[in-house]
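Trainee: Could you walk me through how to read the strands, helices and ligand shell of a model like this one?
Mentor: Gladly; let us look at it together.

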Amino acid sequence: METLRYGFVGGGFVTAFHLRALCQVRGIEVAGFVSKDPVDHLIRFATENRLGQPRAFQSVREMMPEVDVVAVFAPNFVRMEIVEEIVDGLKGGTPLKGLIAEKPLARNMAEGRKMIELVGATGVPTAYFENQIHMKAVMGSKAQLEPVMQTMGPPVLVRSGEEHAGPHSGWFWDPTRQGGGVMSDMGCHCLAVGWFALTPPGKPPAFLQPQSVMADLSLLKWGQPRWRKELLNRYGVDYSETPAEDFATGMVTYRNPETGALVKAQFTVSWMYDKQGLRLSLDGIGPGYAFEMNSLRSPLEVFIGDVAAASLADTEMALEKQQASRGLLTVQPNEADLYGYTDENVEAAAAFRQGRSALLDWNYGLEIVRLNAAAYLSAERGAVVDLTDQATLDELEKYVPLIQQGRGAEVLAVPEG
Ligand SMILES: NC(=O)c1ccc[n+]([C@@H]2O[C@H](COP(=O)([O-])OP(=O)(O)OC[C@H]3O[C@@H](n4cnc5c(N)ncnc54)[C@H](O)[C@@H]3O)[C@@H](O)[C@H]2O)c1
């Protein structure tokens, strides 16, 4: 198997998660990092786990000649400038076998469209990293139910959820830099996994045609005076000035182009889930069958009494976004694999070795950006957004949600105080 040398742009939370996943993947060598923070801990992890002997580089252009694949895992607001730098390198004669972008592809359609035009002109294969589609539970439910779906018909309703108590870095909370609140940050996961779970076996991820989106966005916890103050103190973000939604829910309707059947995907995302930690949920119903997933269910629970709580050093070792250090804790022993990071890397690397884009490429990522934008538009207008209407599709190409513009106070109720 051809070994691919990976270079990472961004040395934060998600890069560390991917390194844990890569311990379980053959044929990928970790070769370099470009980051604004020190990456010594990542270099040490990669070396100790024999993933490679990576170096820290000063810029993407400097790293490109030393790698085959660049993984863009930097914050959303620097995505465009990084892509421009990569495209300059490609045009300057430094080839790449693949280019990866973490979710969301972009903050809005105009940004995403420009990224695709720039990269498309170079012909480099792309991967849009939406880990949840690659979860063994998601792929497994499709594989297990495939014969049933062939006989009874594909699912007609799915409900997907991603919830935790709030992100780990200040830029996520700033709607102008991140792209919005929880809908922009985590809605992309639920939109993708809902679409995928409804898709009939053997059909590509964008087979079902989006018809309409309706959404409700609100600020339920982090707008309250006590929690606003905490955000201000911890991250320097002022939700009385530039609020973003911490809860979003809605429904996307899809049409099967072969049968004309309409099917529904409901989504719920929140940054106000004050339970153990991250919960991913998915359930679906077809004629005569159903499936259900809840990532908080684990074969392992531990109990830590008050008297022993001080000895638990790192609560995140138990579970992403862990909220408590005592009591009954859910432990997921292999989260990188559980959430799909392992299998998305396996799939993308196999595609790049064959000179093609991954199952989910940047064009697919842009479709998710469009659905996300439609959710913001729906919430702003209090109306269902019709995705079969050309004028609406044209409008979405230029649309920047008020929340993303820093004008969230016009559409979200922020309590006094
Ligand atoms: N798939 C998932 O579930 C998942 C989870 C977390 C994050 N993400 C995505 O991954 C991306 C990164 O998120 P994160 O959680 O790692 O963020 P983070 O804040 O933890 O880390 C960001 C890293 O990028 C670096 N950085 C900032 N500007 C840079 C620049 N111009 N060039 C190079 N590096 C730069 C920072 O120094 C930091 O190391 C985001 O797009 C986010 O949406 C995806």
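**Reading sheets, helices and a ligand shell**

Mentor: Let us begin with one pair: S160 has F267 as its bridge partner in β10. Keep in mind that this is a predicted model.

Trainee: How many bridges join β7 to β10, and do the strands run parallel or antiparallel?

Mentor: Strand β7 (residues 157–163) is linked to strand β10 (residues 262–270) by seven bridges, and the two run parallel. Now turn to strand β9 (residues 247–255): nine bridges tie β9 to β10, and this pair is antiparallel. In that pairing G250 sits opposite F267, while A248 faces V269 of β10.

Trainee: What lies between β9 and β10?

Mentor: The two strands make a hairpin with six residues between them, and G260 in the turn has a positive phi of about 80 degrees.

Trainee: In which order do the strands of this sheet come?

Mentor: Seven strands form an open sheet, ordered β12-β11-β7-β10-β9-β8-β15, with mixed pairing. At its edges stand β12 (289–294) and β15 (385–386), each paired on one side only. A general point for reading any sheet is that side chains in a regular strand alternate between the two faces.

Trainee: Which helices lie across these strands?

Mentor: Helix α9 (residues 182–198) lies across β7, β8 (209–218), β9, β10 and β11 (279–286), and runs at about 150 degrees to β10. Helix α13 crosses β8, β9 and β15, at about 50 degrees to β8.

Trainee: What is the strand order in the six-stranded sheet?

Mentor: That open sheet follows the order β3-β2-β1-β4-β5-β6, and its pairing is parallel. Its edges are β3 (55–56) and β6; each has a single partner strand, so one side of each has no neighbour in the sheet. Inside the sheet, strand β1 (residues 4–9) runs parallel to strand β4 (residues 69–72), with four bridges between them. One of these pairs G7 with V70 in β4. Helix α13 (residues 362–381) also packs on this sheet, where α13 touches β5 (98–102) and β6 and makes an angle of about 35 degrees with the direction of β6.

Trainee: How should I describe two helices that pack together?

Mentor: Packed helices are described by the angle between their axes and the distance between those axes. Here helix α5 (residues 109–120) packs with α13 at an angle of about 170 degrees, their axes being 9 Å apart. An angle over 145 degrees counts as roughly antiparallel, so α5 is roughly antiparallel to α13. Among the residues that meet are M109, I116 and V119 in α5, and W362, L366 and V369 in α13. The residues of this contact divide into eight nonpolar, three polar and two charged.

Trainee: Why does M135 count as buried?

Mentor: The cut-off is 20 or more other C-beta atoms within 10 Å; M135 has 23 such neighbours, so M135 is buried. M135 lies in the loop between β6 (126–129) and α6 (136–152). Leaving out residues up to four places away in sequence, M135 touches L338, Y339 and G340.

Trainee: And how many residues surround the ligand?

Mentor: The ligand is surrounded by 20 residues, the closest being G10, G12, F13, K36 and S169. Helix α1 (residues 13–22) supplies the largest share of that shell, three residues. By class, the shell holds eight nonpolar, eight polar and four charged residues.

How values were computed:
Residues are numbered from 1 along each chain as its sequence is written. This is a predicted model: local features need pLDDT of at least 70, side-chain atom pairs count only at pLDDT 80 or more; totals for chains, interfaces and linings use all residues. A residue is buried if 20 or more other C-beta atoms lie within 10 Å of its own, exposed if 12 or fewer, and partly exposed in between; C-beta atoms are placed from the backbone. Two residues are in contact if their C-beta atoms, placed from the backbone, lie within 7 Å. A residue is near a molecule or strand if its C-beta atom, placed from the backbone, lies within 6 Å of it. Ala, Val, Leu, Ile, Met, Phe, Trp, Tyr, Cys and Pro count as nonpolar, Asp, Glu, Lys and Arg as charged, and the others, Gly among them, as polar. Two strands pair if DSSP finds at least two bridges between them. Axes are lines fitted to C-alpha atoms, for helices over the stretch in contact, and angles run from 0 to 180 degrees between N-to-C directions. Angles under 35 degrees count as roughly parallel, over 145 as roughly antiparallel, 65 to 115 as roughly perpendicular and the rest as oblique.
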